[in-house]
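Reader: I've just pulled this one up and would like to talk it through. Can you walk me around it?

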Amino acid sequence: MAEFKVIGVIGAGQMGSGIAQLAAVAGADVRLLDKDAQALLSAKRSISDSVQRFVSKGQLSKEVGADAVARVKYTSNLEDLQSADIVIEAIVESEDVKKKLFSELDKIVKQSAILASNTSSISITRLASATKRPHQVIGMHFMNPPPIMKLVEIIRGADTSDNTFNATKTLAERFGKTVVCSQDYAGFIVNRILMPMINEAFYTLYTGVATKEDIDAGMKLGTNQPMGPLQLADFIGLDVCLSILKVLHSGLGDPKYTPCPLLVQYVDAGRLGKKRGVGVYNYR
Ligand code: CAA
Ligand code: NAD
């Protein structure tokens with residue numbers, strides 16, 4: 001069974017920074033890569049803040065917290081991932097961009113390394129086809145925010161081996177997560193069900209059924225969810241929601257997944273949600 005002493009994470013946005021934190025707290029040496037230097041700086045701040053929240057609540061000792069923060073090394077150079085035992089990719093939700101990265105990674109990382117994707121919806125089988133190691137490619141789908149949410153969804157591609165599956169499941173459990181397994185179909189389990197609800201919330205707003213506040217309060221208080229669906233969409237990122245809906249629409253071929261024009265318009269306008277300070281709501 002792989003030990004995963006060195007864990008590479010690619011994409012230092014909301015998800016990659018949280019995944020890097022989990023890996024560091026679990027005792028791995030982490031290489032967090034992003035092409036954008038500003039993203040690396042923000043990730044460093046967010047990891048330190050988040051670890052501090054666990055320390056101040058007594059859920060992590062000061063020493064383990066400080067050790068975890070020091071275990072994350074930040075880079076923009078793919079070669080720095082050469083020693084990784086597993087690389088978890090969390091870049092933009094685009095099949096073409098992810099495939100290009102997987103093809104490059106395949107040439108750089110050691111032969112035994114696993115390539116995992118945190119994709120929300122894209123076919124693991126197709127990502128694996130960009131590499132010469134399809135048996136070592138797997139979906140490892142964390143929920144946002146990774147340090148808090150208890151689930152990891154694992155998706156096997158057509159050629160993922162039992163060894164790769166077992167090692168990845170063990171790693172997720174070492175991070176303190178519960179694992180569910182999905183077949184490799186667009187959106188897997190969570191987003192197959194969550195995104196149609198979020199899309200319907202946009203249609204409810206778009207067709208004037210209710211205000212955004214009432215839609216969110218209705219679902220939050222009426223169905224006991226921690227956030228209303230529009231607030232959750234802002235939290236996930238409207239660009240991410242739209243990309244997932246497009247994968248569901250093209251992958252499953254059903255018009256019921258057609259992204260709401262209002263969601264499309266917000267993304268076109270750069271209103272990407274909380275991370276940009278404005279989405280359905282204004283956070284500035
Ligand atoms: N690091 C450390 N601690 C954090 C944290 C972080 N990143 N984010 C929140 N917390 C802690 C807070 O310190 C707080 O702790 P206490 O209760 O002990 O004070 C606790 O979590 C709750 O946080 P807040 O009080 O700030 O706010 P909240 O009560 O609204 O909780 C939330 C925040 C946990 C995000 C909650 O609103 C929630 O669960 N929302 C729904 C999240 C969700 O559904 N995520 C899945 C999205 S789908 C997905 O991820 C898949 C995909 O592919 C799109
Ligand atoms: P994000 O926009 O916050 O961060 C993405 C990061 O990837 C950015 O910092 C960007 O600079 C970097 N990046 C993009 N292309 C790159 C490349 N070729 N090489 C290196 N870095 C690159 O996005 P996010 O919300 O963290 O989502 C990342 C992935 O995780 C997506 O596949 C998304 O579907 C998935 N995901 C998102 C959520 C969520 O709630 N946001 C939840 C689960 C899974």
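**Two domains and a ligand**

Author: Sure. Keep in mind that this is a predicted model. To start with spacing, the C-alpha centres of domain 1 and domain 2 sit 26 Å apart.

Reader: Which residues does each domain cover?

Author: The domain assignment splits the protein chain in two. Domain 1 takes residues 6-182, and domain 2 takes 195-276.

Reader: How much area do domain 1 and domain 2 bury between them?

Author: The contact involves 7 residues of domain 1 and 8 residues of domain 2. Carbon and sulfur atoms carry 64% of the buried area, and the total is about 580 Å².

Reader: Which three residues supply the most of what domain 1 buries against domain 2?

Author: One trio gives 60% of that area, more than any other three residues. They are Gln14, Glu93 and Ser121.

Reader: And how many residue pairs are in polar contact between domain 1 and domain 2?

Author: Salt bridges don't feature, with a count of 0 between the two domains. On the domain 1 side, the touching residues are 2 nonpolar, 4 polar and 1 charged. For polar contact, the number of residue pairs is 2.

Reader: Over to ligand 1: what share of its exposed area does the protein bury?

Author: There are 18 residues around ligand 1, with Ser50, Ser120, His141, Asn144 and Asn191 coming nearest. A polar side-chain atom of His141 is 2.7 Å from a ligand oxygen, while a polar backbone atom of Asn144 is 2.7 Å from a ligand nitrogen. The side chain of Asn191 places an N or O atom 2.8 Å from an oxygen of ligand 1. Alone, ligand 1 exposes 1000 Å², and the share buried by the protein is 64%.

Conventions:
Residues are numbered from 1 along each chain as its sequence is written. Chains are lettered from A and ligands numbered from 1 in the order in which they are written. This is a predicted model: local features need pLDDT of at least 70, side-chain atom pairs count only at pLDDT 80 or more; totals for chains, interfaces and linings use all residues. Side-chain values use heavy atoms; hydrogens and water are left out. Domain bounds come from an automatic or database domain assignment. Contact means heavy atoms within 4.5 Å. Buried area is the accessible area (1.4 Å probe) that two parts lose on being put together, summed over both. A salt bridge is a side-chain nitrogen of Lys or Arg within 4 Å of a carboxyl oxygen of Asp or Glu. A polar contact is a pair of N or O atoms within 3.5 Å; within protein, one must be able to donate a hydrogen and the other to accept it, and residues adjacent in sequence count only if both atoms are side-chain atoms. Ala, Val, Leu, Ile, Met, Phe, Trp, Tyr, Cys and Pro count as nonpolar, Asp, Glu, Lys and Arg as charged, and the others, Gly among them, as polar. A residue is near a molecule or strand if one of its heavy atoms lies within 4 Å of it. Accessible areas come from the Shrake-Rupley method with a 1.4 Å probe; for residues, only the protein chains shown count as cover.
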